[in-house]
Amino acid sequence: MRLRRRSLRLQMVSRFVVAVLLALVLVESVFFIAVRQFYYSGIVGVLSNHAKVSTSFYTRFAGDLHYTNLNQHLSRLVTSFAYETAELEIVDRDGSVLAGTSGFVSSGLVRTADVAEAWKGGTGVWSGPNPSTGEHIMAVSMPLIFQGQTLAVARYVTSLEEVDRVLRAIYIIAASVGLLVLVLVLLFSLTLADSIVRPIKVMTRASAEMARGRFDVRLDVSTPNEIGELAGTLNYMASEIVRSESLKNDWISSISHEIRTPLSSIKGWSETMLTGDLEDREETRLGLSIISKETERLVGLVEELLDFSRLYQKSIELDISAVALQSLVEEAALQMRSKTAAKHQELRLLLPKEQLAVRGDFNRLKQVLLNLLDNAIKFTPGEGWVELEAMRFDEEHALVRVKDSGIGIAPEHLDKVEQKFYQADPQKEGTGLGLAICHEIVALHGGTMEVTSVEGEGTEIRVLLPLALGAEEDVYR
């Protein structure tokens, strides 16, 4: 089932707006509660202070105030305790209103929480609808205490309608500001999302063009952020693909030439022998010798290609044992002496005085040395020299060094000679796989290979291999 693709732009904008919306809801909720608490607490504070001052003053100077003569003091209590913006009620323990500033004494009983709290000795606060009118009111009650005895409760009742109207106006303004902020955030997030999505779309189109084989497409890398870095990476990838394609094409051309040359020789001599005098033993022997030599050359090419395939598919297996380094080096040098002699080159062999053994596959290590020597001989002119040296490098490694007085490698080619298919000079014979194969074989042995060269003076390749430690191991010679 194909998943429905969601727009990155929509996702960014929606998540950004939702995050800001949640923040606004939280901030405005706290603001609304704080403003409401500020106004309501202000009313409670004013009424409470007035009640405390009034009750304290009256009880101090009333003289004969007592529960039995409370009714005689009601008019004075109302006059003394009155507050211009609130209605005062004197309430007894049963909840009956004994007197009030309105002059109208309600027959109903007051049972709200503020009165109950005041009879306990505290300041009671209650807000809610007026039972008779439905108006939103607030009541603040204080106990009237004389000589340690609570005689009645002074209850101040004030309307909250005006306060609520002011609060609603504040809420509307705050909500409008929040809505405006949300709209601005939406516009900003759309702009921000476009600034991110637009270059991604450009890169997507460029990637699609690259996928269709147009590797000449390049992206703008001037953006100083991760988008610019990604564009640069895509440009680099396209350049590397072009370079790899060029290397591959050059390699195919080179390997085709390498294969065609011996095949042409084999075909030519086969036809010569078939159309000539088979009784001519001299000519037949020469033709068969050339055919054999060129066939061996073809077999070598095929083996190199197979080795490369196995190495890069990680399917090659090594026959690991302790290998006598001196024997390995001497055998490789002996096998290549005929080539150096043919080019009138000097093959120098330098061996350590101590017997060293490396841990590895004898045949694969010999293949590495033969390949390195063959390259050195190939790129060294006649009358030059090739040097093969083995030595102890440290307590755990041996060093094999192949050095020549050849043409060297140009600096621009030096860091690429170990790459597959790479040839500094495609016109030279070879597959361009030799050093790549050597590098992989050495790496499989846990070693390293380093190439240094000076153009016009020669090349040196240093191979570091782990020593075979422990006298119990059998040494392969």
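How many bridges join strand 3 to strand 4 (residues 136–146)? The count is six, and the two strands run antiparallel. What you have here is a predicted model, with 10 helices and 13 strands. Here's a tour, starting with the whole protein and then working through the two sheets, some helices and a couple of residues.

**The whole protein**

- Of the 477 residues, 39% count as buried.
- About 28,100 Å² of the protein is exposed, and carbon and sulfur atoms supply 57% of that area.
- If you take the contacts with a separation of 6 or more, 66% of them come from residues 24 or more positions apart.

**The antiparallel sheet**

- Strands 2, 1, 5, 4 and 3 line up in that order to make an open sheet of five strands, with antiparallel pairing.
- Strand 2 (97–100) and strand 3 (124–129) sit at the edges with a single partner strand each, so each has one side without a neighbour in the sheet.
- Going from one strand to the next, the twist averages 25°.
- For a landmark on the strand 3 and strand 4 pairing, look at S127: its bridge partner in strand 4 is M138.
- Strand 1 (residues 87–91) is mostly covered, with four of its five residues buried.
- On one pairing, strand 1 is joined to strand 5 (residues 149–159) by five bridges, running antiparallel; here L88 stands opposite Y156.
- Strand 1 also pairs with strand 2, again in the antiparallel sense, over three bridges. E89 has G100 of strand 2 as its bridge partner.
- The hairpin of strand 1 and strand 2 has five residues between the strands, and G95 takes a positive phi near 95° in this hairpin.

**The mixed sheet**

- Another open sheet of five strands follows the order 7-9-10-12-11, and its pairing is mixed.
- Its edge strands are strand 7 (346–350) and strand 11 (448–454), and each of them pairs on one side only.
- Ignoring direction, neighbouring strands of this sheet are turned by 10° against each other on average.
- Strand 9 and strand 10 (residues 397–404) run antiparallel and are joined by seven bridges. One landmark is R392, whose bridge partner in strand 10 is A398.
- Helix 7 (residues 325–342) packs on the sheet and touches strands 7, 9 and 10; its direction makes about 175° with that of strand 7.
- Helix 8 (residues 362–378) packs on the sheet too, touching strand 7, strand 9, strand 10, strand 11 and strand 12 (458–466). Its direction makes about 25° with that of strand 10.

**Helices 4 and 10**

- Helix 4 (residues 161–211) has 51 residues, which at 1.5 Å a residue should span 75 Å. The C-alpha atoms at its ends are 72 Å apart, and that agrees with the expected span.
- After helix 4 comes G213, with a positive phi near 100°.
- Helix 10 (residues 434–444) is largely enclosed by the rest of the structure, because eight of its 11 residues are buried.
- The buried residues of helix 10 are G434, L435, A436, I437, C438, E440, I441 and V442.
- Just after helix 10, G446 has a positive phi of about 80°.

**Two residues to click on**

- E389 is in strand 9 (residues 385–392). Its relative accessible area is 15%, and buried means under 20%, so E389 counts as buried.
- The side chains of E389 and R401 are joined by a polar contact of 2.3 Å.
- Setting aside neighbours within four places in sequence, E389 is in contact with L350, L399, V400 and R401.
- T340 belongs to helix 7. At 3% relative accessibility, T340 falls under the same 20% cut-off, so it is buried.
- Leaving out residues up to four places away in sequence, T340 touches Q345, L347 and I377.

Notes:
Residues numbered from 1 in each chain as written. Predicted model: local features only at pLDDT ≥ 70, side-chain atom pairs only at ≥ 80, totals over all residues. Heavy atoms only, no water. Buried < 20%, exposed > 50% of the residue type's maximum accessible area, 1.4 Å probe, protein only. Polar contact = N/O pair within 3.5 Å; in protein donor to acceptor, adjacent residues only side chain to side chain. Contact = heavy atoms within 4.5 Å. Expected span 1.5 Å × (residues − 1). Pairing = 2+ DSSP bridges. Axes fitted to C-alpha atoms, helices over the stretch in contact; angles between N-to-C directions. Areas by Shrake-Rupley, 256 points an atom, 1.4 Å probe, with all protein chains shown as cover.
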